[in-house]
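Okay, hi everyone, thanks for making time. Let me put the structure up, and then we'll walk through it together.

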Amino acid sequence: MKLDQFLKFIGIVQTGGEAKMIIKSGKISVNGIVENRRGRKLIDGDQIIFANETYIVPNSDPLGRKLARSEK
């Protein structure tokens, strides 16, 4: 998931334009580093910090795919 999509997913912003403005303003950190790229690819466990709140990227792998891999 990309950073701008994540911000919409968790409800910080309503539109991609809002996400772009917040990200470009330098108010978003990913794993403790200020991030200015809205297309920044996030992975499971990444920590996004905005307005003194920390959000963790959830496991995005559907359970069915995870089970299928573990059975092999």
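Before I get to the sheet, one bit of vocabulary: we say two strands pair if DSSP finds at least two bridges between them. And in general, strands of a sheet pair through backbone hydrogen bonds, either parallel or antiparallel. Also keep in mind that what you're looking at is a predicted model.

So, which order do the strands take in the sheet? It goes S2-S1-S3-S4, four strands in an open sheet, with antiparallel pairing. S2 and S4, which covers 53-56, are the edge strands, each pairing on one side only. Let's zoom in on S3 and S4: they're antiparallel, and four bridges link them. One residue pair to look for is isoleucine 49 with its bridge partner in S4, threonine 54.

Now step back to the whole chain. You've got three helices along with those four strands. Reading from the N terminus, the pattern is α-α-β-β-β-β-α. The chain has 72 residues, and 26% of them count as buried. About 5000 Å² is exposed, with 53% of that coming from carbon and sulfur atoms.

Last stop: aspartate 44. Where does aspartate 44 sit? You'll find it in the loop between strand S2 (33-34) and strand S3 (47-50). Aspartate 44 counts as partly exposed because its relative accessibility is 41%, and partly exposed means between the 20% and 50% cut-offs. Now look across to valine 57: along the sequence it's 13 residues from aspartate 44, yet their C-alpha atoms are 5.3 Å apart in space.

Technical notes
Residues numbered from 1 in each chain as written. Predicted model: local features only at pLDDT ≥ 70, side-chain atom pairs only at ≥ 80, totals over all residues. Heavy atoms only, no water. Helix = DSSP H or I, 4+ residues; strand = E, 2+ residues; numbered from the N terminus. Buried < 20%, exposed > 50% of the residue type's maximum accessible area, 1.4 Å probe, protein only. Areas by Shrake-Rupley, 256 points an atom, 1.4 Å probe, with all protein chains shown as cover.
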